[in-house]
Amino acid sequence: MVKKKRKIGIISGKGGVGKTTIVSNLGAALAKKFNKNVAVVDCNLTTSHLSLSLGMYYCPVTLNHLLRGETELKEAMYEHPSGMKIVPASIRLGEIEGVDSKKLKHVIKELHKKADIILLDSAPGLGNEAISAIEASDEIIFVTNPNIPAVTDVIKCKEIIKGLGKRPVGVVMNMVSKKRHELSRKEVEILTELPVIASIPHDNNVQVSLAKRSPLVLHKPRSSASREMKRLAGHLIGIKEDTSFKGRIKRFLGTD
Ligand SMILES: Nc1ncnc2c1ncn2[C@@H]1O[C@H](COP(=O)(O)OP(=O)(O)O)[C@@H](O)[C@H]1O
Ligand SMILES: [Mg+2]
C-alpha cells in the first residue's frame, strides 16, 4: 500500500544532474495526469531555479520570507496551471540574508496540511541547505547522471540519509544516452546498492520546454523524457504503466 501523505526529497551530491527538471515534471505529472494534491518546494536557496523552470518569473513573496519569519505560508504559495502548488525561493541574491534554513522543516510540516505529496527540490552537495531539505523529507530520491563522479556522490548522500533515518526510494538516472562510455543501469544499481527507479533519456526538448516556460510533460507529453517522467510519477503512487494496446496507443498519441 502506497502512503497518501508523502514528503519526498529529490537530492544529489553533484549539481546540474537534473533535480529541478525532475521536480517540476513530476509535480506537473502528479497534478495534471494523476489528479494528485501536490506541492513542490524550492529548497535550493542560493541558486534557486524551480519557479523559473515552471515559467513563473514573478513571485514577490517566497520561501525566503517564510524562513525569515516575515510572512505566512499562504502568501508564499502559488498555483501552477497544472494544478500543483509551488513554494518558490527568491532568485535575488540579497534575499538570502537572514534566512534560517533550519525553519524549513516547520514550513514543510505546515504545507503538508495543504498538500498530500510534497516534492523538495534540494541544493546539491551536503551543505546546510541540502541537509535541511533531507531533514524536512521522509523519503529520498537520488538523482544521478550515468557517470562515476555523479554516482560516487550518490553513495555519499546515501550514507548521510541513512544516518538521518530517511527512507531511500531509489535512484533516478537522468540524461541517459546509452553511449558505451556511460554507466549502465545495472552498474549504477551495483555501485549504489539501490534500485534504479527511472532512466530518463537525454532529450533536447527539455531545453526547449525551459524556453517555452512549461514543464516538458505538458509541453511535449510524447517526448521520450516526458514518457519516462510520467511513468516515474505513476510508479511513485503505485500506478503501473498500462501496457495494453489501448494504453500504448494513448501514450503514442500523448493523450494518457
Ligand atoms: N533529460 C534531460 N535531457 C536534456 N537536458 C536535461 C535533462 N534533464 C535536465 N536537463 C538540463 O540540464 C541542466 C541541469 O538540470 P537541472 O534540473 O537544473 O539540474 P539540477 O537541479 O540538478 O542542478 C538544465 O539546463 C536542464 O534543462
Ligand atoms: Mg536545481
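## Exercises: helix α4, the core and the cysteines

The cover over the buried residues of α4 includes β1 (6-11), β2 (38-42), α3 (63-67), β4 (85-87), β5 (117-121) and α5 (128-136). Helices (H or I, at least four residues) and strands (E, at least two) are DSSP runs, numbered from the N terminus. This is a predicted model: local features need pLDDT of at least 70, side-chain atom pairs count only at pLDDT 80 or more, and totals for chains, interfaces and linings use all residues. Residues are numbered from 1 along each chain as its sequence is written, and side-chain values use heavy atoms, without hydrogens and water.

**Exercise 1.** Sort residues of α4 into buried and exposed.

*Solution.* Buried means under 20% relative accessible area, exposed over 50%, partly exposed in between (1.4 Å probe, protein chains only). Start inside: L104, V107, I108 and L111 are buried in α4 (residues 104-111). They lie on the same side of α4, because their arc around the axis is only 95 degrees. The arc is that of the directions from the helix axis to the C-beta atoms. Now turn to the other side: H106 and K109 are exposed there.

**Exercise 2.** Find the contacts of I141.

*Solution.* Contact means heavy atoms within 4.5 Å. Leave out residues up to four places away in sequence. I141 then touches I8, G9, I10, I11, V169, G170, V172, I197 and L236.

**Exercise 3.** Check the structure for disulfides.

*Solution.* A disulfide is a pair of cysteine sulfur atoms within 2.5 Å. The whole structure has zero. Take C59: its nearest cysteine sulfur, that of C43, is 15 Å away. For C157, the closest cysteine sulfur is also in C43, 14 Å away, too far for a bond. C157 is buried, at 1% relative accessibility.

Note on methods. Chains are lettered from A and ligands numbered from 1 in the order in which they are written.
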